[in-house]
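Work through the following exercises with the coordinates open beside you, and try each task before reading its solution.

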Amino acid sequence: MKKILLIFVACVFGLALPNEQISSLQREISNLDTKISNNIWFVRYLNYSIYQDLNKELEQAKADLSNLNSKDSAKELELTQKISSLNRQLELLKEYKNSPFQPLLTPPKISQTKKIANPIELISGYSAIKHLKEQKSDYSTRLSELNLAYEILLQKENLQKQICSISPCDNAKFNLLKKQVIEFSTAKDIANTTFVVYQKQLDEAISLQSVQNTEEIKRSANLAILIIAIIVFGFLLKLVFRRYAQAKRFYTINKAINILSFLIIIFILLFAYIENVNYLVTILGFASAGLAIAMKDMFMSFLGWCVIVGGGSLHVGDRIRVSYKDNTYVGDIIDISLLRITIYEDITWATYLENRRSGRIIFIPNNYIFTELISNYTHGGMKTVWDGIDILISFDSNHKKAVYIIKNIARKYSKGYTDIAKLQMNKLRDTYRIKNTNVEPRIYTFFEPNGINISVWYQTNSYATLSLRSTISSEIIEAINKEPDIKIAFGKQTLYFEKDKMLNFAQESREI
């Protein structure tokens, strides 16, 4: 009677029929189900419901199996297989046994704030902040999905109420929907409360990490300013020494400033980024002792470098002579590093007599200054050295005339170097106690088995001794060849025979 009355009222007032209203409401419910079908909260709830249904079905199957007549083997086999299948399904869904929302309601663990100890770790610091913000965003998105699912379930509940008001409905299905709404409402309240606490913890962690990053940026900036100041100060020192120091000394000073600046910067960085300085000092002490034993030669070379740089006995550009195991090397220093001296071998009298080769790069360990002989031809600004030529003349030559000619030639061609040597020698007397400062050419006459040896000594360029030696030698030869009473001696032998023995030797020869 009520249904007929509703149809009559709908026809009179132009309203939709109950069946049409129900169909429309069911379509809306279907649309809402489509919207919520991929919602992670609803999917987990469905899995939870499936687990509960499977568990009830398993309990019922076990009860049926226990009440089964033992003679019905087919039914027993069917129930046994069903129980086995249900157990496997429940094993796959075991995470939904107790609570459908527990994994989603539990927020991700907040990692501890990373302590930033150096600029490189700033990358990990900012990555940590980014990760925390992503965690916050993910949980917020998860909460939004829960709110959406709850709103859709409320709409479904309202639509289902309208359907039930029009026609009788399935109370069990409606009660299940009401149960879902209640459980989602409870989960929503828990999630909102958890998110408030979790958000505060995240904000605190982000703030602490930001403070760590900011402090490291300030410290790195201060260190960068200090390092730049050291570099600029070293550059200014180089400019000063370039202007007032000698060119030869400037190279060594320049290198010493570079090494000192580098060491200062290294120690600043070590003490800035190593927390336990005492521990570092202890390690360095043991390491130094071990290295001193295991790397004795390198340590001595470094000590030799300190002596060279501090003592000023050798400079880049000096011409030196090194004797080592019966080998002699003469060349110009082109570099002095922490471990070795590098020289460029030139053509000298040593290469002419001994090596017969030149132009090599020779590496000399710095520790040789303690053990081997190193001669410096240009120490203290000296640009000249003594060089000598020996001329052997025969005993019947006019040796006084030869001495006069040779001395004049040597004086003529070495005059410029003699004047330079006088100036440099006067400067050396301010540093060293030099008694004999005479640098004029010297000539000596010696009696030798094969003749009279005239030895002339003169000042010449430290870097080009062979050039002047060649010039003077050719001039001496030319001058002596013009004098008939001066003869250059050479090795010869005189044979004496008795007269009778010579006649007998001639007669025997004719008979033969």
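**Exercise 1. Describe the second largest pocket by its volume, its central residues and the elements that line it.**

Solution. The second largest pocket holds about 480 Å³ of space, where a pocket is, on a 1 Å grid over the protein atoms alone, an open set of points where a 1.4 Å probe fits, with protein on both sides within 12 Å along at least five of seven lines. Grid points are joined across faces, edges and corners, and the volume is the space filled by probe spheres set on the points. Of the 24 lining residues, Y377, V385, W386, D387 and T465 are the closest to the centre of this pocket, a lining residue being one with an atom within 4 Å of a point. Two or more lining residues come from each of β1 (319-324), α11 (349-355), β6, α13 (399-428), β8 and α14 (465-481); helices (H or I, at least four residues) and strands (E, at least two) are DSSP runs numbered from the N terminus. Among these elements, β6 gives the most, with five residues. By class the lining has 11 nonpolar, nine polar and four charged residues, where Ala, Val, Leu, Ile, Met, Phe, Trp, Tyr, Cys and Pro count as nonpolar, Asp, Glu, Lys and Arg as charged, and the others, Gly among them, as polar.

Two notes on the basis of these values belong here. The model is predicted, and local features need pLDDT of at least 70 while side-chain atom pairs count only at pLDDT 80 or more, whereas totals for chains, interfaces and linings use all residues. Residues are numbered from 1 along each chain as its sequence is written, and side-chain values use heavy atoms, with hydrogens and water left out.

**Exercise 2. Place strand β6 by its burial and by its pairing with β8.**

Solution. Strand β6 spans residues 384-393 and is mostly covered, with seven of its 10 residues buried, that is, under 20% relative accessible area with a 1.4 Å probe and protein chains only. The partner of β6 is strand β8 (residues 451-461), and the two pair in the antiparallel sense over 10 bridges; strands pair if DSSP finds at least two bridges between them. To locate the register, take D387, which stands opposite Y458 in β8.

**Exercise 3. Trace the antiparallel connections of strand β2.**

Solution. Strand β2 (residues 327-336) is mostly covered, eight of its 10 residues being buried. On one side, six bridges join β1 to β2 in the antiparallel sense, and I320 has G331 of β2 as its bridge partner. The hairpin of β1 and β2 has two residues between the strands, and K325 takes a positive phi near 50° there. Five antiparallel bridges also join β2 to strand β3 (residues 340-345), with D335 facing its bridge partner T342 in β3, and the hairpin from β2 to β3 passes through three residues.

**Exercise 4. Which residues line the largest cavity, and which element gives the most to the lining?**

Solution. The structure holds one cavity of 30 Å³ or more, a cavity being a set of points where the probe fits but cannot get out. The volume of the largest cavity is about 30 Å³, and its lining consists of Y251, T252, K255, A256, W305, V309 and I336. Both α8 (247-273) and α10 (296-311) supply at least two of the lining residues, and α8 gives the most, with four.

**Exercise 5. Classify the ring pairs of W41 with F101 and of Y45 with Y48.**

Solution. There are 11 aromatic pairs in the structure, where rings of Phe, Tyr and Trp (its six-membered ring) pair if their centres lie within 6.5 Å, and planes under 30 degrees apart count as stacked, over 60 as edge-to-face and the rest as tilted. The rings of W41 and F101 have centres 5.5 Å apart and planes at 50°, so this pair is tilted. W41 lies in helix α3 (residues 40-67) and F101 in the loop between α4 (73-92) and α5 (102-105), 60 residues apart, and both are buried. Y45 and Y48 also form a tilted pair, at 6.1 Å centre to centre and 45° between the planes; both lie in helix α3, three residues apart, and both are buried. Ring pairs link W41, Y45, Y48, F101 and F184 into a cluster.

Terms used. Buried means under 20% relative accessible area, exposed over 50%, partly exposed in between (1.4 Å probe, protein chains only).
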